[in-house]
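Hello,

Here is the structure I promised to pass on to you. Have a look at it first, and then read my notes underneath.

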Amino acid sequence: VDSKLVYHSEGSLANREINKEFAKEAQRNVSWRSSAKTHITKAKSLIEENDNELTLKAIREAESALDKAAQKGAIHRNNAARRKSRLMKRLNSASST
């Protein structure tokens, strides 16, 4: 078990099992967060290119990925909302110029 992921002392068998579960959950969270970040990066790059149709599709995918990550508990729901808001703000400022 990674030392950063240890929530209980390593002493008893029960604590070792709990630590295994925490490690598995942390690994799943990394996957959800990574997916959300990838979608956001893709959407940001398309916003800069001013490709409207692809941009809107990418933003929908990014919002969906953020909502899924928040639903799974990988990120806080307010964090997801803030990221979606910033993404839309970036889209609006790019389309107005």
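The largest nonpolar core, a set of buried Ala, Val, Leu, Ile, Met, Phe, Trp, Tyr and Cys residues joined through side-chain atoms within 4.5 Å, has 17 residues. Buried means under 20% relative accessible area, with a 1.4 Å probe and protein chains only. A43, I59, L66, I75 and L87 have the most contacts inside this core. Helix 1, helix 2 and helix 3 each give two or more residues to the core, and helix 2 gives the most, with 7. (Helices are DSSP runs of H or I, at least four residues, numbered from the N terminus.)

This is a predicted model, where local features need pLDDT of at least 70, side-chain atom pairs count only at pLDDT 80 or more, and totals for chains, interfaces and linings use all residues. Residues are numbered from 1 along each chain as its sequence is written, and side-chain values use heavy atoms, leaving out hydrogens and water.

Now follow L87: leaving aside residues up to four places away in sequence, L87 touches I40, A43, K44, I47, I59 and A62 (contact means heavy atoms within 4.5 Å).

What about helix 1, residues 13-49? Its buried residues are N15, N19, A26, N29, A36, I40, A43, L46 and I47, and their cover includes helix 2 (52-72) and helix 3. After helix 1 comes N50, with a positive phi near 60 degrees.

Enjoy exploring!

Key
Buried means under 20% relative accessible area, exposed over 50%, partly exposed in between (1.4 Å probe, protein chains only).
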